[in-house]
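Me: I have a model open and would like to go through the labels people put on it. Could you take me through the reasoning behind them?

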Amino acid sequence: MKKLKNLISVLLLAIMVCSLSIFAYAAEINIDEPKESHKYTVVSINENDITYICDDCGDTVNIPKSEIIVMWNIAYVNKPPQPTDVDDSSYLDLHKDNIINAKDYAVLTHM
Ligand SMILES: [Zn+2]
């Protein structure tokens, strides 16, 4: 009977350690999980690059126009810009009318 009790306590301990490591693993995932997301709007456009500010956190970035041109995708056209964790479309509303369209493409290619 004492042996059984010992076995049960060892088993319980094993279960506890297991669930603890699962919790630790889950916590680790949670730390990594929230992908940084920004909703950028254009601050200024110059010859070579475009400066954006995030509406949510105020983060500013400078991105070469050559990189923005690569982000252009016909699938974004006639849709509102999305946060950066969804796609690159928030970099593309250069005309700042909250819709991606030919006007934005014109800004990108004619300056
Ligand atoms: Zn942000």
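Me: What makes strand β3 hardly covered?

Reply: Glad to help! A residue is buried if 20 or more other C-beta atoms lie within 10 Å of its own, exposed if 12 or fewer, and partly exposed in between, with C-beta atoms placed from the backbone. In β3 (residues 60-64), the number of buried residues among the five is zero, so none of them reaches the buried cut-off. Strands here are DSSP runs of E with at least two residues, and helices are H or I runs of at least four, numbered from the N terminus. Do keep in mind that this is a predicted model: local features need pLDDT of at least 70, side-chain atom pairs count only at pLDDT 80 or more, and totals for chains, interfaces and linings use all residues. Residues are numbered from 1 along each chain as its sequence is written.

Me: How do you know that β2 and β3 pair?

Reply: Two strands pair if DSSP finds at least two bridges between them. Strand β2 (residues 49-54) and β3 have five, in the antiparallel sense, so the pairing criterion is met. Asp49 has Pro64 of β3 as its bridge partner, and Ile53 stands opposite Thr60. Five residues lie between the strands of this hairpin, and Gly58 takes a positive phi near 80° there.

Me: Why are β1 and β3 called edge strands?

Reply: The open sheet has three strands in the order β1-β2-β3, with antiparallel pairing. Strands β1 (40-45) and β3 each pair on one side only. From one strand to the next, the twist averages 30°, with axes being lines fitted to C-alpha atoms and angles running from 0 to 180 degrees between N-to-C directions.

Me: Why is Asn78 called exposed?

Reply: Asn78 has 10 other C-beta atoms within 10 Å, and the exposed label applies at 12 or fewer, so Asn78 qualifies. Asn78 is in the loop between α2 (65-71) and α3 (102-109), and has a positive phi of about 70° although it is not a glycine.

Me: And what makes Asn98 exposed?

Reply: Asn98 also has 10 other C-beta atoms within 10 Å, and is therefore exposed. Asn98 is placed in the loop between α2 and α3, with a positive phi of about 60° although it is not a glycine.

Me: Which residues does Tyr52 touch?

Reply: Contact means C-beta atoms, placed from the backbone, within 7 Å. Not counting residues up to four places away in sequence, the contacts of Tyr52 include Tyr40, Thr60 and Tyr91.

How values were computed:
Contact = placed C-beta atoms within 7 Å.
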